[in-house]
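I opened my notebook to look through this two-chain entry at an easy pace. Here is what I looked up, in the order I went.

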Amino acid sequence: MRKYWQVFKIALADRFVYRTDFFIGTFLRFTPIVTTIALWGAVYRSADREQIGDLRYGEMVSYYLIVMVSRAFGSMPGLASTLAGDIREGNLRKFIIQPLNYVIYHLHLRMAHKLVYFVMAAIPYALVFWWCREFLPGWPPRELWPICIASLMLSFVLGFLVNMAIGLLSFWFLEVTSFLFMFMVSQYFLSGHQFPLTLLPEWLERVVKFLPFAYETFYPVMLLLGKMDINEGLHVIGGQCAWIAVLAVVVTIGWRRGLRRYAAFGG
Amino acid sequence: MSVIEINNLRKTYRVHIKQEGLLASLKGFVRRKYRTVRAVDGISAKIEEGEIVGFLGPNGAGKTTTLKMLSGLIFPTSGEATVLGYVPWQRDNAYRRQFALVMGQKNQLWWDLPAADSFRLLKEIYNIPDAQYHHTLEELTTLLGITELMSQPVRELSLGERMKLELVAALLHSPKVLFLDEPTIGLDVVSQSNIRACLREYNRDKNITILLTSHYMQDIEALCKRVVVINHGRLIFDGKLNEIVERFSEHKIIKFRFREGDMPDDLTPFGEVLELAGPAVTLRVERSQVAELTGHVLANHAIDDIAIEEIPIEEVIGEVFNASEPEP
């Protein structure tokens, strides 16, 4: 659709407006990476152990670095709160009046944002990876590459849909800030962003690994770390597709119902 | 068939009553009280192709709610409406391509980018063919005198300039029906008159149907032959603008300038004295008395000048609003 291609282009242009803010923002995102690596170092030293769970320090660092790569695809900062704001402040109006689909529109905005981010973050990422090169396990086997790339792409779509689905709640509850914060924190844990899901108690691990959040981050990271074979990789892709299908239905129905409610109560 | 047909349209909202004070807030947190507000309470009207209709009423009268229903943003509680043969709240794409809504207090242009970028996006959204797009854009920007503003980021523009660009954005896809909610709010006199001139010319050229709300009577007087007045969600007048004055104003203003020394000592029997400046006097006189009074004055006094005027339209409208307030 040409209109969404235009959305993509205009969003790219919009991203480059505030150059200083952009550079600082991109740069700042690397500070937590460095501090987290240092933090894990301190944890290993004070625990005086070679391994935590089944991971050595180097593995923990490499896990964390690859999480960053995966999150670069799957994270959607501010998406749910944007939707909440648009509902509360009546900015949805434009999308009801014009033949333009809000969800697809935002999907294209996010693609543009991601593209700009990858371009801008490529060099600092390369530096951090070079600095930590001794911990990294090396490239995954050649035959896993297509699966790795596919899982990152799907992680983007999955992250988008999860956040959209959460944002839809604001159709029913006017004020969702505290809820969104809670969601953000739990997503941080449940996706494996904070630490590998393998560190969880076994029963919890089994539950969490089934949730869509794990498919956003944890599984793609395991693939990229070379901890899965092709067969397992295909399972991950299948799981991602299944969750995407479920969430696409949820978002479509939720959106329709939400709009109906919006039209009945506010506008 | 009329372009816009509204039949007994109603919209009620349930609003949460919140009393003052912390204790009341806590109570409200546990158990909410609601009140039903009738925003639009049974309005009917027909608007023909090419008409510009002014939609008047005090704040909270239900104007914006009606416009929202007609643009499909909200569902009515009951009643019917069609615009161009479509039921607005069914949100047909075919309908959405044929109307536009401009709200003076909201904007749709990308804030940090030049308007040209937003226009290009609208071109794709509405599938406007190249030739038509360039033609319309040129026509509108010339009409509003804003050709040179196209390549400046919108945030750097003044409110008036932005509003003109918003109007261009709304008209790019050549809608057949245009809803304007206070399009000149907060603008200076020159910008207001620019926008009015543009709307008038555009209406004449394209025969576009326009329904507009405004608190500026100049907007209404300059653009609308017909006005619809509502208050508390009910229709109180639908007809020609000058008929409002005839129907709702029981007085006229008469200005006499008496010849030196020939001014009556007591003017009060003639009517209410509004202004007295030397030999010039301004009176408010009941409509039925106007002919008799002027005859009497002309017969008995030497007059240099005389003028009979209608009460200013703002005042009449004010009276109409007041008269339609429910009894306490």
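**Notebook: a parallel strand trio and its surroundings**

I began with E6(B) and strand E7 (residues 209–213) of chain B, which pair in the parallel sense over 5 bridges. For the record, two strands pair if DSSP finds at least two bridges between them. Helices (H or I, at least four residues) and strands (E, at least two) are DSSP runs, numbered from the N terminus. This is a predicted model, where local features need pLDDT of at least 70, side-chain atom pairs count only at pLDDT 80 or more, and totals for chains, interfaces and linings use all residues. Residues are numbered from 1 along each chain as its sequence is written, while chains are lettered from A and ligands numbered from 1 in the order in which they are written.

Next I looked at how the chain gets from one strand to the other. It leaves E6(B), passes through helix H7 (residues 189–206) of chain B and arrives at E7(B), in a right-handed β-α-β crossover. Right-handed here is meant with the strands pointing away from the viewer: the path from the first strand over the helix to the second runs clockwise.

Which residue of E7(B) stands opposite Leu180(B)? I found Leu212(B) there. Leu180(B) is also the bridge partner of Val102(B). That took me to strand E5 (residues 99–103) of chain B, which runs parallel to E6(B) and is joined to it by 5 bridges.

Then I asked why E6(B) is largely enclosed by the rest of the structure. The strand covers residues 177–181, and 5 of its 5 residues are buried, so the surroundings largely enclose it. I used this cut-off: a residue is buried if 20 or more other C-beta atoms lie within 10 Å of its own, exposed if 12 or fewer, and partly exposed in between, with C-beta atoms placed from the backbone. In a regular strand the side chains alternate between the two faces of the sheet. In E6(B), Val177(B), Phe179(B) and Asp181(B) lie on one side, Leu178(B) and Leu180(B) on the other, and all are buried.

I also checked helix H2 (residues 63–70) of chain B, which is mostly covered, with 8 of its 8 residues buried. Among them are Lys63(B), Thr64(B), Lys68(B) and Met69(B). Just after H2(B), I noted that Gly72(B) takes a positive phi of about 80°.

**Chain B as a whole**

I listed 11 helices and 13 strands for chain B. Its C-alpha trace spans about 75 × 55 × 45 Å along the principal axes. Of its 328 residues, 36% are buried. The domain bounds come from an automatic or database domain assignment, which gives domain 1 (4–8 + 47–245) and domain 2 (250–310). Their C-alpha centres lie 44 Å apart.

**Chain A and the contact**

Chain A has 13 helices and 2 strands. Its C-alpha trace spans about 60 × 45 × 40 Å along the principal axes, and 31% of its 267 residues count as buried.

How many residues does each chain bring to the contact? I noted 18 residues from chain A and 22 residues from chain B, where two residues are in contact if their C-beta atoms, placed from the backbone, lie within 7 Å. On the side of chain A that touches chain B, helix H1 (2–15), helix H6 (93–97) and helix H13 (230–265) of chain A each give two or more residues. H1(A) gives the most, with 7 residues.
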